[in-house]
Amino acid sequence: LPLQLEDCTKIQVLFEIVAHAMGLGEKVIVFSNYKSTLDVISLLLHNLPPPLPVEGQDDKYNDEDDDGSWKLDRDYVRFDGEVSAHKRQKMMDEFNDPNSTVRMVLITMKAGGLG
């Protein structure tokens, strides 16, 4: 059966928080104990319209292959224990860059062996 946002009450609340944060121009970090939860969030993100671009970033959203949904490595990044420390640092640098289109980080609590 296809996964629908309406089937996941807790994730509905998460996405309401995300929508509110995006409306305020804020960025979001989502922590989870389980990679499978991040899998579900990622799947559902692909069914939602992307966050509005920050001023001056409109050109980064003019992709001919863009289907109007959140894109991994454009709108959000995701890491878990399988992502190298070097790549995690690059992702966080991109997330923290005020000119970046990355608006959300999905991370497992055990990424990097810290959990």
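Does Asp73 count as buried or exposed, and at what relative accessibility? We come back to this residue in the fifth view. The model shown here is predicted.

**View 1. The whole chain at a glance.** Welcome to the fold! Three helices and three strands make up the protein chain, and reading along the sequence gives the pattern α-β-α-β-α-β. Of the 115 residues in the chain, 36% are buried. Among contacts with a separation of 6 or more, 69% join residues that sit 24 or more positions apart.

**View 2. The largest nonpolar core.** Here we look at a core of 17 residues, in which Ile41, Leu45, Met104 and Leu106 have the most contacts. Two or more residues come from each of α1 (9–23), β1 (28–32), α2 (35–45) and β3 (104–108). The biggest contributor is α1, with six residues. Val77, Val83, Met91 and Ile107 are not part of this group: they are included in a second, separate core of eight residues. As a general rule, nonpolar side chains in soluble globular proteins tend to be buried together. Now pick out Leu45 and look around it: leaving aside residues up to four places away in sequence, Leu45 touches Phe15, Ser69, Trp70, Tyr76, Met104 and Leu106.

**View 3. Strand β3 and its partners.** All five of the five residues of β3 are buried, so this strand is largely enclosed by the rest of the structure. Met104, Leu106 and Thr108 are on one side of the strand, Val105 and Ile107 are on the other, and both faces are covered. In a regular strand, side chains alternate between the two faces of the sheet. Strand β3 pairs with β1 in the parallel sense over five bridges, and four bridges join β3 to β2, again running parallel. Ile107 is a handy residue to find here: Phe31 has Ile107 as its bridge partner, and Phe79 stands opposite Ile107 as well. From β2 the chain crosses through α3 to β3, and this β-α-β crossover is right-handed.

**View 4. Helix α3 and its two faces.** This helix covers residues 85–96, twelve residues in total, and reaches 16 Å from its first C-alpha to its last, close to the 16 Å expected at 1.5 Å a residue. Arg88, Met91 and Phe95 are its buried residues. Seen down the helix axis, the buried residues of α3 fall within an arc of 60 degrees, so they line one face. What covers them includes β1, β2 (76–79) and β3. Turned away from that buried side is a face carrying the exposed residues His86, Lys90 and Asn96.

**View 5. Asp73 in its loop.** Now for the residue we started with. Asp73 is found in the loop between α2 and β2. Its relative accessibility is 52%, and with the cut-off for exposed set at over 50%, Asp73 counts as exposed. The backbone is worth a look too: phi of Asp73 is near 75 degrees, a positive value in a residue other than glycine.

**View 6. Met109 and Tyr34.** Our last stop is just past the strand from the third view, as Met109 lies in the segment after β3. With a relative accessibility of 39%, Met109 counts as partly exposed. Follow the sequence and Met109 is 75 residues from Tyr34, yet in space the two are 7.8 Å apart, C-alpha to C-alpha.

Key: Residues numbered from 1 in each chain as written. Predicted model: local features only at pLDDT ≥ 70, side-chain atom pairs only at ≥ 80, totals over all residues. Heavy atoms only, no water. Core = buried A, V, L, I, M, F, W, Y, C linked by side-chain atoms within 4.5 Å. Buried < 20%, exposed > 50% of the residue type's maximum accessible area, 1.4 Å probe, protein only. Contact = heavy atoms within 4.5 Å. Expected span 1.5 Å × (residues − 1). Arc of directions from axis to C-beta. Pairing = 2+ DSSP bridges. Right-handed = clockwise from strand over helix to strand, strands pointing away.
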